[in-house]
2 protein chains.
Amino acid sequence: MDTGNTLGLIAGTLTTAAFVPQVVKTWRTRSTHDISLGMFALFSTGLVLWLVYGVMIGSLPIVVSNIVTLALALTILFFKLRYK
Amino acid sequence: MDTGNTLGLIAGTLTTAAFVPQVVKTWRTRSTHDISLGMFALFSTGLVLWLVYGVMIGSLPIVVSNIVTLALALTILFFKLRYK
């Protein structure tokens, strides 16, 4: 693996890791009262577009990190809609 | 501008926009009690690495969106350290 991909994957790991505590908290509490559905929908849509962009330019780090972050985001969205 | 860059810039606008309410709230309240310094440091480091990665692969959307998000993140970090 080249330096660019390694660097990108480390970057993706860090920014995705920062998102994990929110998912864990939501998973445990099932409480999503303070999470804005609108902003969250924007964020998830952005992740899908980053994913498409990553595929278009052939960037492994962008594709991988956005798939993982999207999975985490959809988990929160599920709880938001399920326990509203 | 080609389709890829346009798509990437829209993606960056959406994921960065989702971050703005937190910055506005922190700016107004000067309160960062519930924000984890450790996770935030990880996130900011990740943004810097994404920025370097974007420059390395010559991706305008990655460079632009990470500069903007980093500026927002550093604003929160400033308040975190200033009003702790």
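Let's start with the buried area between the chains. Chain A and chain B bury about 2,300 Å² between them. Of that area, 85% lies on carbon and sulfur atoms. Keep in mind that this is a predicted model.

Now, which helices of chain A supply at least two residues each to the side that touches chain B? They are α1 (3-17), α3 (37-57) and α4 (60-82). The largest share comes from α3(A), with 12 residues. What about residue character? On the side of chain A that touches chain B, 19 residues are nonpolar and 10 are polar. None is charged.

Next, the specific pairings across the contact. How many salt bridges are there between chain A and chain B? The count is 0. Polar contacts do turn up: 4 residue pairs between chain A and chain B, both residues at pLDDT 80 or more. As for the residues taking part, chain A gives 29 and chain B gives 29.

On to symmetry. A turn of 180° lays chain A on chain B with an RMSD of 0.0 Å. The shift along the axis is 0.0 Å. So the two copies are related as by a two-fold rotation axis. The same surface serves both copies, too: 100% of the contact residues of chain A recur in chain B.

Let me step back to the single chain. Chain A has 4 helices and 0 strands. Read from the N terminus, its elements run α-α-α-α. What does the C-alpha trace of chain A span along its principal axes? About 45 × 20 × 15 Å.

Last stop, helix α4 of chain B, residues 60-82. Look at where α4(B) starts. There, a side-chain oxygen of S59(B) comes to within 3.3 Å of the backbone nitrogen of I62(B). Then check the length. Helix α4 of chain B has 23 residues, and at 1.5 Å a residue they should span 33 Å. Its end C-alpha atoms are 33 Å apart, so the expected span and the model agree.

To recap. The area buried between chain A and chain B is 85% on carbon and sulfur atoms. There are 0 salt bridges between the two chains. And the copies are related as by a two-fold rotation axis.

Key. Residues are numbered from 1 along each chain as its sequence is written. Chains are lettered from A and ligands numbered from 1 in the order in which they are written. This is a predicted model: local features need pLDDT of at least 70, side-chain atom pairs count only at pLDDT 80 or more; totals for chains, interfaces and linings use all residues. Side-chain values use heavy atoms; hydrogens and water are left out. The expected span of a helix is 1.5 Å times one less than its number of residues. A polar contact is a pair of N or O atoms within 3.5 Å; within protein, one must be able to donate a hydrogen and the other to accept it, and residues adjacent in sequence count only if both atoms are side-chain atoms. Contact means heavy atoms within 4.5 Å. Buried area is the accessible area (1.4 Å probe) that two parts lose on being put together, summed over both. A salt bridge is a side-chain nitrogen of Lys or Arg within 4 Å of a carboxyl oxygen of Asp or Glu. Ala, Val, Leu, Ile, Met, Phe, Trp, Tyr, Cys and Pro count as nonpolar, Asp, Glu, Lys and Arg as charged, and the others, Gly among them, as polar. Copies are superposed by least squares on the C-alpha atoms of residues with pLDDT of at least 70 in both.
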